Protein chains: 4
Amino acid sequence: MGNKLQNYLDDEVFIVQSECGISLVNAKLQIINAELSMRYGRKVINSKLNRIKSYESTVAKLERKGLEKKIEVVHEKINDLIGVRAICSYIDDLYQIADMLCNQKDVKLIKIKDYIVNPKQSGYRSLHLIIEVPICFQNSTHWIKIEIQLRTAAMNYWAELDYQLRYKKGEKKAFIIGEELKSYAAMIENMDKKVLELRKRIESI
Amino acid sequence: MGNKLQNYLDDEVFIVQSECGISLVNAKLQIINAELSMRYGRKVINSKLNRIKSYESTVAKLERKGLEKKIEVVHEKINDLIGVRAICSYIDDLYQIADMLCNQKDVKLIKIKDYIVNPKQSGYRSLHLIIEVPICFQNSTHWIKIEIQLRTAAMNYWAELDYQLRYKKGEKKAFIIGEELKSYAAMIENMDKKVLELRKRIESI
Amino acid sequence: MGNKLQNYLDDEVFIVQSECGISLVNAKLQIINAELSMRYGRKVINSKLNRIKSYESTVAKLERKGLEKKIEVVHEKINDLIGVRAICSYIDDLYQIADMLCNQKDVKLIKIKDYIVNPKQSGYRSLHLIIEVPICFQNSTHWIKIEIQLRTAAMNYWAELDYQLRYKKGEKKAFIIGEELKSYAAMIENMDKKVLELRKRIESI
Amino acid sequence: MGNKLQNYLDDEVFIVQSECGISLVNAKLQIINAELSMRYGRKVINSKLNRIKSYESTVAKLERKGLEKKIEVVHEKINDLIGVRAICSYIDDLYQIADMLCNQKDVKLIKIKDYIVNPKQSGYRSLHLIIEVPICFQNSTHWIKIEIQLRTAAMNYWAELDYQLRYKKGEKKAFIIGEELKSYAAMIENMDKKVLELRKRIESI
């Protein structure tokens, strides 16, 4: 049953199309970064990362959501099959990058999930965009769905710890640390606000 | 007089816009290469190179053409201010890449100069495209003009020798070698045809 | 007087040797990152950055230190002519990378400046290594001096704000923000300790 | 039986060590290229490529050579488990790169296979070096064996055609084309000599 799905996700065409989508989004982020870095006189995007979801974690997500293991379901319901992450220093940069990306004619915005204004229950904060970009492939245009994760370095700390913790789930100690991590999210948020405020005051001199 | 032009060509905005254009074209070539390499089971683009013309060689070109040293003149008359070169093994790949690039909605083809069918007097062969690609910059779309040079590795041999020879111009020996190089162009052309023919015969087995 | 120095710093040989040194150090950091990332199951180096000091800031530094504008003086006294920065999430990773780098046979450690244990008066924290690496160049081995800056993302926030502030020096407001930034260093230090402690507790489950 | 070997070749430690070796060799080639390109005023290495041999082709090679499918045998007898290829324009550059690489203190030359002076029966020409480079890994130094393939772009044409032909082996037509390809090797050799001669004459002006 799942084999057809596995074949599809391991298929060279799927992989190549995904890489093409990533390559296009990377060029767009590079151009945005070049403009903003010049305008503000500081590096705006610190680092970028991308990944294509493996068959195993796609299936795990389908099961968690109670969905059928079918290619069509994956395409419709799984938005983070392809993911690109950009890490910045300041919160306002994240929103500006999101704006500049979504204002481009060949970018379709499917959904914004603003986990900065509305953090997940776990305490997770980031700005997620689900977009589609057009890839010319085999003589026709394919719209590739990509999840863009925009985070500050401070948010990234939290997310890294949360990610490592997830693998220890079920353990009593993990539950306790999870609760502590949740309360720790406020400290991270505070730091994001503080550095942004300081930067703005320095700019205003 | 030339200072205004120099300031413009050394200006950060011009450099950043040029780099953005290069970055977009590189992504497009990477995507085309990914598709073709998958389709044919062989690497299609061997290497890529790009450059932004220096102030000095821009002025030299203006002088050679008897043109005024003005920004507007540069934009209208100098097509290779920004250049991207892709080197392939086979002639038919060059034309296919050109097709796939020009068929994209956000690529405006300004001019094709087919120096393969009609080599320059010197013997120079390559497929040149002058295209424009849109860059979102400072809240508006800028069309950046870029010269794409598509060559086989064999053509590249010839062009490299010719390029080195140009710096010795005026010398008597240089003239003699130039004449020899011209006659040598036929051997290169022959090799391009031969390897293409062999590749097609191998594919047809 | 300074012209000879300028010629030297703009010289192709100096630039190429510097880039070769950077390229070697980058390969070493990539190898260290690959081993540690595999060992710990998480990305260890988040991002890398490198730069060659410009003539202008080299001269500014010589003046600040009351040194003569001579090539020999630059080589002996200016340790950060070539700089490579690596940003990590956790403090212990910084020391491990430093250890692994310095233990390599072809790395000469010249000096360690541990601004984490002993922050600068300004509040600046980072681990600096001055090392020399051997470059085979023109048939002989040249030892290239490079400053390695190892920082956490939290330290990097602080350093970025401090760097922007430096350009506003002399202003009254800049002095006030500077004092505030100094007191803010403690909050950053706290965050570094907290995330490290949490990570260790998660690992110990 | 073969499973242990497969596990080893798919093992993360083996992959990471191989990538570290590749990364070190790439840095070395980049440094050599920087020096030579500066010295001669032309790009010396046109492109680089690397690969780690898959389990399937390693086993195929062991079978072809009548060797046991054991890890120790692979390490001792298979020299091209890790391969790095550099493509240049001129034959003399290949030998110079080989010299500069082998003269480095941390490069052990295991074997030179000069298929330019002594082409393979098939007509294949390239300069192969088997070298070992030291990788600091898990607190000890590991010597990683790597095959370096140095070729001109002309030799690469031939090798590409030969490679594609290999997949059609057994077919009658393939045999005929193979014979033709063999005779064609002379034309390629000729071209290598001709461009080198022309380049030298241009340099001597």
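1. Chain D and chain B meet through 39 residues from each chain. The model is predicted. About 3600 Å² is buried between chain D and chain B. Carbon and sulfur atoms give 65% of that area. In chain D, the residues that lose the most area to chain B are D:Tyr157, D:Ile202 and D:Ile205. Together they make up 21% of what that side buries.

2. Charge pairing across this interface is present. Four salt bridges are counted between chain D and chain B. One of them joins B:Lys194 to D:Glu180. The closest N and O atoms of that pair are 3.1 Å apart. Polar contacts across the interface of chain D and chain B come to 14 residue pairs, both partners at pLDDT 80 or more.

3. Next, the elements on the chain D side. Strand 1 (45-52), helix 6 (153-166) and helix 7 (172-204) of chain D each supply at least two residues to the side that touches chain B. Helix 7 of chain D gives the most, with 20 residues. By class, this side has 19 nonpolar, seven polar and 13 charged residues.

4. Now the contact of chain B with chain A. Here 22 residues come from chain B and 22 from chain A. The buried area is about 1800 Å², with 68% from carbon and sulfur atoms. On the chain B side, B:Ile31, B:Glu35 and B:Met38 lose the most area to chain A. Their joint share is 33% of what that side buries.

5. What is the count of salt bridges between chain B and chain A? It is zero. The count of residue pairs in polar contact, both at pLDDT 80 or more, is zero as well. Helix 2 (12-40) and strand 4 (127-137) of chain B are the elements that give two or more residues to the side touching chain A. Helix 2 of chain B gives the most, with 13 residues. The residues of this side divide into 11 nonpolar, six polar and five charged.

6. Last, internal space. The structure holds four cavities of 30 Å³ or more. The largest cavity has about 140 Å³ of space. It is lined by 15 residues, and the closest to its centre are A:Asn46, A:Ile87, A:Ala153, C:Ile87 and C:Ala153.

7. Which elements each supply at least two residues of that lining? They are strand 1 (45-52) and helix 6 (153-166) of chain A, with strand 1 (45-52) and helix 6 (153-166) of chain C. Helix 6 of chain C gives the most to the lining of the largest cavity, with four residues. The lining has six nonpolar, eight polar and one charged residues.

Key
Residues are numbered from 1 along each chain as its sequence is written. Chains are lettered from A and ligands numbered from 1 in the order in which they are written. This is a predicted model: local features need pLDDT of at least 70, side-chain atom pairs count only at pLDDT 80 or more; totals for chains, interfaces and linings use all residues. Side-chain values use heavy atoms; hydrogens and water are left out. On a 1 Å grid over the protein atoms alone, a cavity is a set of points where a 1.4 Å probe fits but cannot get out, and a pocket is an open set with protein on both sides within 12 Å along at least five of seven lines; lining residues have an atom within 4 Å of a point. Grid points are joined across faces, edges and corners, and a volume is the space filled by probe spheres set on the points. Ala, Val, Leu, Ile, Met, Phe, Trp, Tyr, Cys and Pro count as nonpolar, Asp, Glu, Lys and Arg as charged, and the others, Gly among them, as polar. Contact means heavy atoms within 4.5 Å. Buried area is the accessible area (1.4 Å probe) that two parts lose on being put together, summed over both. A salt bridge is a side-chain nitrogen of Lys or Arg within 4 Å of a carboxyl oxygen of Asp or Glu. A polar contact is a pair of N or O atoms within 3.5 Å; within protein, one must be able to donate a hydrogen and the other to accept it, and residues adjacent in sequence count only if both atoms are side-chain atoms.
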